[in-house]
Amino acid sequence: MGNRGTLLTVSAPSGAGKTSLVKALVEQDPQVRVSVSYTTRLKRPGEEDGVNYHFVNQQTFRKMLEAGEFLEYAQVFSHFYGTSAQWVKDTLENGLDVILEIDWQGAQQAKRLMPETKGLFIMPPSQQALLERLRGRGQDNDDVIKQRMKEAIKEMSHYLDAHWLIINDDFDRALADFQSLMLAQRLKIQHQQHRHFKLLTELLSQ
């Protein structure tokens, strides 16, 4: 019998360390894949098509949307982003876990289409820590940072939509929590029944 993987949405306010934690988990866990989104925005220097994003034009994206090819999608300013439903399903059927790095709205979309989807929310240890992380990037002026903080607080208000919560105060500790979460999910009865079907059948035979 095959063993289906777990679909996990990971949400967090900007600056909480979501991307760094997911990257570290994937580097250490060969059973995890991160979905590569489709986007209509232009490729930035250093980005690779198929690695960072699948870069498509507006017409192609709209055709895919009309054909129902996206598990979830969102419009951010003038650009669209979407997750391939077929890729997610194929990857899960191969027994691999799939992570979607998306906001709370995208997580809700994914769960509507695939009710078995699990959710993780990552929080900073305090608003001050989040503010310092946003300032530490050195990319935005004070007005932009102030707006990002407002958006972050709005995002954080939806943490109750998730199944699990990790506070990213100490990175190594947060990563260990993340790894433990993935292991615990794989040890659930329904997963172990699939993975060890032959063994369990033999053990219970008379």
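**Exercise 1. The surroundings of Glu47**

A polar contact of 2.7 Å joins the side chains of Glu47 and Arg41; a polar contact here is a pair of N or O atoms within 3.5 Å, where, within protein, one must be able to donate a hydrogen and the other to accept it, and residues adjacent in sequence count only if both atoms are side-chain atoms. The structure is a predicted model, in which local features need pLDDT of at least 70 and side-chain atom pairs count only at pLDDT 80 or more, while totals for chains, interfaces and linings use all residues. Residues are numbered from 1 along each chain as its sequence is written, and side-chain values use heavy atoms, with hydrogens and water left out.

Task: Work out where Glu47 is found, and whether Glu47 is buried or exposed.

Solution. Begin with the position in the chain: Glu47 is found in the loop between β3 (38-39) and β4 (54-55), where strands (E, at least two residues) and helices (H or I, at least four) are DSSP runs numbered from the N terminus. Next, take the accessibility: the relative accessible area of Glu47 is 17%, so this residue is buried, given that buried means under 20% relative accessible area, exposed over 50%, and partly exposed in between (1.4 Å probe, protein chains only). Then look for a further partner of the side chain, which reaches the backbone nitrogen of Arg44 at 2.8 Å. Finally, leaving aside neighbours within four places in sequence, Glu47 is in contact (heavy atoms within 4.5 Å) with Arg41, Leu42, Asn52, Tyr53 and Phe55.

**Exercise 2. Thr40 and Ser84**

Task: Determine which backbone nitrogen the side chain of Thr40 reaches, and which backbone nitrogen lies 3.2 Å from a polar atom of the side chain of Ser84.

Solution. Thr40 lies in the loop between β3 and β4 and, at 11% relative accessibility, counts as buried. The side chain of Thr40 reaches the backbone nitrogen of Phe80 at 2.9 Å. Beyond the neighbours within four places in sequence, the residues in contact with Thr40 include Val56, Phe61, Ser78 and His79. Turning to Ser84, its place is in strand β6, and at 14% relative accessibility Ser84 also counts as buried. The nitrogen in question belongs to Trp87. Not counting residues up to four places away in sequence, Ser84 touches Tyr38, Glu69, Phe70 and Leu71.

**Exercise 3. Two backbone angles and a helix cap**

Task: Identify the residue that caps the N-terminal end of helix α2, and state what the phi of Phe77 is.

Solution. The cap of helix α2 (residues 58-66) is Asn57, a side-chain oxygen of which lies 3.3 Å from the backbone nitrogen of Gln59. After the helix comes Gly68, with a positive phi near 70 degrees. For Phe77, phi is near 60 degrees, a positive value in a residue other than glycine. Most residues other than glycine have a negative phi. Phe77 has its place in the loop between β5 (70-76) and β6 (79-84), and counts as exposed at 76% relative accessibility.

**Exercise 4. The nonpolar cores**

Task: Find which elements each supply at least two residues of the largest nonpolar core.

Solution. A nonpolar core is a set of buried Ala, Val, Leu, Ile, Met, Phe, Trp, Tyr and Cys residues joined through side-chain atoms within 4.5 Å. The largest of these has 18 residues, of which Leu8, Val10, Ile99, Leu120 and Phe178 touch the most other members. At least two residues each come from β1 (7-11), α1 (18-28), β8 (118-123) and α7 (171-186), and α7 gives the most, with 5 residues. Apart from this core lies another, of 11 residues, among them Leu7, Ile102, Ala107 and Met114. As one check on the largest core, Val10 has contacts, outside the four places on either side in sequence, that include Val22, Ile99, Leu120 and Phe178.

**Exercise 5. Trp164 in strand β9**

Task: State how many residues apart Trp164 and Gly119 are in sequence, and how far apart in space.

Solution. Trp164 has its place in strand β9 (residues 164-167) and is partly exposed, with a relative accessible area of 27%. Trp164 and Gly119 are 45 residues apart in sequence and 6.4 Å apart in space, C-alpha to C-alpha. Among the residues in contact with Trp164, again leaving aside neighbours within four places in sequence, are Leu8, Lys118, Gly119, Leu120 and Leu181.
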